[in-house]
Structure formats: structure tokens, C-alpha cells
Amino acid sequence: PFILLFLSFSLSFFKHKLLGVLISGIIFLFFVFKIDFKTDKGMDYKNAMVFIKAIKKENDLMIVKTKDIQPLFSYYYDKDYFKLQKKELPPSENVIFCNSWSDVTVDLNKYNRVIVIDSFDDLNPNEMDFVSQLSLLRKKKASVNFYEDIKISFYN
């Protein structure tokens, strides 16, 4: 868009205004069909949270990896998160945010099921350690992918 404005402005200095408008129109038509207005979503956190809210139970533990995703998760998990300028989710023992297995400090035996929400799991250097440590305590039942960067895993 900037180049179109720049060219149009430059052409406005022509002696014959109709020629400038004609050249600007041709350039505009050439570039307008090359613009891609679709933006691919890398993550679909909204639908992921709708899915999680529909299947979660009170005795489930949700582990959200990584801590960088906390505001995004919190917004879709609790719609009043930003509106009320909350610093944290409502006090809940069954939602924890972590970057590695050492951040998980709760007793997993208190919960019937563990739901792990991975964001960018391929880029996490601690991913293999996390999965192996959790697999020692719980058996993985299923995994669901939402777009490329969200994976939801269920452990019983």
C-alpha cells in the first residue's frame, strides 16, 4: 500500500493530471489482485478452550505449557480476565502453568485425569523430559491437535 501511495503522489506532479490518474489506476489494478487478505491462524486457542471447557471435569488437572501462553489461555478460559484486569485466573488448584517438569509441584494422585495443553511443543527443549516424567506417573490415553501449535493430551 505504501508504494501505491508513493507512486500516486509522484505522478501527481505530472503536467497532465489525467495521465497520472491513469497510471496510478493501472498500478493499483495490477497490485490489488496480488494482495492476500486471508491470514492463516497458527493457533486456534478459542476453539481449543471451547473443547476443553466442554470435556473437563472438576477433578481434572490442566497443565498449560508454556508460561508465555498464560494471558492467552486465561483470556479464553475466563472471558473477564482482561476486562476486570485480573492478574491471575480465579483461584483454582486444577490449572497450572509450567515450562518444564520441575515446575509441576502438585500431587497428580489427587486428580482423576491430567490434561496437558502444549503450545509450541516442538520448540520446547524440555519436552522429552516432561513427557517421560509424566508417563512414569500416568498413561497417555489420547491426543488432539488444534492447528499446528496446540496439542491437547489426556493422561489417566
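**Reading the labels: burial, salt bridges and contacts**

Me: Why is Arg 113 called buried?

Reply: Arg 113 has a relative accessible area of 17%. Buried means under 20%, exposed over 50%, and partly exposed in between (1.4 Å probe, protein chains only), so at 17% Arg 113 counts as buried. Keep in mind that this is a predicted model, where local features need pLDDT of at least 70 and side-chain atom pairs need 80 or more, while totals for chains, interfaces and linings use all residues. Residue numbers start from 1 along each chain as its sequence is written, and side-chain values use heavy atoms, without hydrogens or water.

Me: What makes Asp 60 and Arg 113 a salt bridge?

Reply: Their closest N and O atoms are 2.7 Å apart. The pair links distant parts of the chain, with Asp 60 in strand E1 (residues 60–65) and Arg 113 in strand E3 (residues 113–119), 53 residues apart. A salt bridge needs a side-chain nitrogen of Lys or Arg within 4 Å of a carboxyl oxygen of Asp or Glu, so the 2.7 Å pair qualifies. Asp 60 is buried, at 2% relative accessible area.

Me: How do you know that E1 and E3 are strands, and what are the elements of the chain?

Reply: Helices (H or I, at least four residues) and strands (E, at least two) are DSSP runs, numbered from the N terminus. The chain has five helices and five strands, and from the N terminus their order is α-α-α-β-α-β-β-α-β-β.

Me: What makes Lys 65, Asp 118 and Glu 127 one network?

Reply: Asp 118 and Lys 65 meet in a salt bridge at 2.7 Å, N to O. That pair joins strand E3, which holds Asp 118, to strand E1, which holds Lys 65, across 53 residues. Lys 65 also meets Glu 127 in a salt bridge at 2.6 Å. Lys 65 is in strand E1 and Glu 127 in helix H5, so this pair ties together parts 62 residues apart in sequence. Salt bridges with shared partners therefore join these residues into one network. By the same 4 Å rule, the chain's count comes to three salt bridges.

Me: Why are the members of this network called buried?

Reply: Set each value against the burial cut-off. Asp 118 is at 3%, Lys 65 at 2% and Glu 127 at 9%, so each counts as buried. Across the 156 residues of the chain, 34% are buried.

Me: Why does Arg 138 have no salt bridge?

Reply: Lys and Arg count as positive and Asp and Glu as negative, with His and the chain ends left out. The nearest side chain of opposite charge to Arg 138 is Asp 107, 7.2 Å away, so the pair misses the 4 Å limit. Arg 138 is buried all the same, in the loop between helix H5 (127–137) and strand E4 (140–146). A polar atom of the Arg 138 side chain lies 2.3 Å from the backbone oxygen of Leu 108.

Me: What is Phe 146 in contact with, and why is Phe 146 called buried?

Reply: Contact means heavy atoms within 4.5 Å. Leaving aside neighbours within four places in sequence, Phe 146 touches Asn 47, Ala 48, Phe 51 and Ile 152. Phe 146 sits in strand E4, and at 15% relative accessibility Phe 146 counts as buried.

Me: How do you know that Phe 31 is partly exposed?

Reply: Phe 31, in helix H2, has a relative accessible area of 40%. That value lies between the two burial cut-offs, so Phe 31 is partly exposed.

Notes:
Polar contact = N/O pair within 3.5 Å; in protein donor to acceptor, adjacent residues only side chain to side chain.
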